[in-house]
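This briefing is meant to be read alongside the sequence and the coordinates. The lead sentences come first, and the bullet points that follow are grouped by topic.

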Amino acid sequence: MYRAVTRQIEVTVEPNFVPEQSSADRSRYFWAYTVVITNSGDETVQLKTRHWIITDATGRQQEVKGEGVVGEQPTLAPGERFEYTSGVPLTTASGFMTGRYQMVSATGERFEIDVPTFSLDSPDNKRVLN
C-alpha cells in the first residue's frame with residue numbers, strides 16, 4: 001500500500017494487476033487501484049478535481065484531468081473517509097501513477113493534496129537486479 005498525507009488528509013492507494021483483463025500477446029496490461037481518502041483534520045473538505053500522470057515502462061506519459069473521482073465529488077467531514085476503485089490500462093507490463101486532488105474547504109479555500117506515487121507491476125514484468 002502507498003500513502004501520502006497533506007493538510008491532515010491521508011490518501012492511500014493499493015494497486016492490483018487484473019490478469020483476466022490483460023493480454024501480453026496484445027500488449028494490454030490492466031490494473032485496478034483502490035483509493036481511500038481519510039480526513040483527519042478539523043474542517044470539512046470536498047474533492048473537486050483529479051489530475052493523474054500515468055507513466056509506462058518506456059517513459060511515455062499520459063495526463064488525465066477531470067471533475068471528481070468515479071463520477072463523484074465527495075465531501076468529507078472531520079473523521080470521515082471515502083473509498084473508490086478505478087482502473088488503468090497500459091501497453092507495457094509495468095509503469096507508475098502519481099497525482100493530485102484539488103480540494104475545497106468549507107470556507108471556500110482551494111488547495112491540492114498529493115496522491116502517493118504508486119507502482120504498476122504485472123507478473124510478466126521481469127525484474128533484473130544488478
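**Strands, loops and charged pairs**

Strand β2 (residues 9-17) and strand β3 (residues 29-39) run antiparallel and are joined by 9 bridges. The model is predicted, and the points below take up its strand pairing, its loop residues with positive phi, the surroundings of one buried threonine, and its salt bridges.

**The open sheet**

- The strands β1, β2, β3 and β7 follow one another in the order β1-β2-β3-β7 in an open sheet of 4 strands, whose pairing is antiparallel.
- The edges of this sheet are formed by β1 (2-6) and β7 (81-90), each of which pairs on one side only, and from one strand to the next the twist averages 20 degrees.
- Within the pairing of β2 with β3, Ile9 has Asn39 of β3 as its bridge partner.
- As a general point on such elements, the side chains of a regular strand alternate between the two faces of the sheet.

**The pairing of β8 with β9**

- Strand β9 (residues 110-121) pairs with β8 in the antiparallel sense, and this pairing extends over 10 bridges.
- Ser94 finds its bridge partner in β9 at Asp121.
- The hairpin of β8 and β9 has 4 residues between the strands, and in this hairpin Gly108 takes a positive phi near 95 degrees.

**Loop residues**

- Most residues other than glycine have a negative phi, which gives the background for the two residues described next.
- Ser27, which is placed in the loop between β2 and β3, has a phi near 50 degrees, a positive value in a residue other than glycine; the residue is partly exposed, with a relative accessible area of 35%.
- Val70, in the loop between β5 (61-67) and β6 (75-76), also has a positive value although it is not glycine, with phi near 40 degrees, and its relative accessible area of 42% makes it partly exposed.
- Ala24 likewise has its place in the loop between β2 and β3, where it is partly exposed at a relative accessible area of 40%.
- Measuring from C-alpha to C-alpha in the model, Ala24 and Ser122 are 9.9 Å apart in space, while 98 residues separate them in sequence.

**The surroundings of Thr92**

- Thr92 is placed in the loop between β7 and β8 (94-105), and it counts as buried because its relative accessibility is 13%, under the 20% limit for that class.
- A polar atom of the Thr92 side chain lies 3.0 Å from the backbone nitrogen of Ala57, and a polar atom of that side chain lies 2.8 Å from the backbone oxygen of Ser94.
- When residues up to four places away in sequence are not counted, Thr92 touches Tyr29, Trp31, Asp56, Ala57 and Thr58.
- Among these contacts, Asp56 counts as buried, at 6% relative accessibility.

**Salt bridges**

- Side chains of opposite charge can pair when their charged atoms come close.
- A search of the whole structure finds 7 salt bridges, some of which are described here.
- The side chains of Asp56 and Arg60 meet in a salt bridge at 3.1 Å, N to O; Arg60 is exposed, with a relative accessible area of 51%, whereas Asp56 counts as buried at 6% relative accessibility.
- In the salt bridge between Asp114 and Arg100, the side chains meet at 2.1 Å, N to O; because Asp114 lies in strand β9 and Arg100 in strand β8, the pair ties together parts that are 14 residues apart in sequence.
- Both members of that pair fall in the intermediate class of accessibility, since Asp114 counts as partly exposed at 31% relative accessibility and Arg100 counts as partly exposed at 32%.
- The side chains of Arg3 and Glu10 meet in a salt bridge at 2.4 Å, N to O; Arg3 is exposed, with a relative accessible area of 58%, while Glu10 counts as partly exposed at 21% relative accessibility.
- Arg7, Glu43 and Glu109 are linked with one another in a network of salt bridges.

Technical notes:
Residues numbered from 1 in each chain as written. Predicted model: local features only at pLDDT ≥ 70, side-chain atom pairs only at ≥ 80, totals over all residues. Heavy atoms only, no water. Pairing = 2+ DSSP bridges. Helix = DSSP H or I, 4+ residues; strand = E, 2+ residues; numbered from the N terminus. Axes fitted to C-alpha atoms, helices over the stretch in contact; angles between N-to-C directions. Buried < 20%, exposed > 50% of the residue type's maximum accessible area, 1.4 Å probe, protein only. Polar contact = N/O pair within 3.5 Å; in protein donor to acceptor, adjacent residues only side chain to side chain. Contact = heavy atoms within 4.5 Å. Salt bridge = Lys/Arg side-chain N within 4 Å of Asp/Glu carboxyl O.
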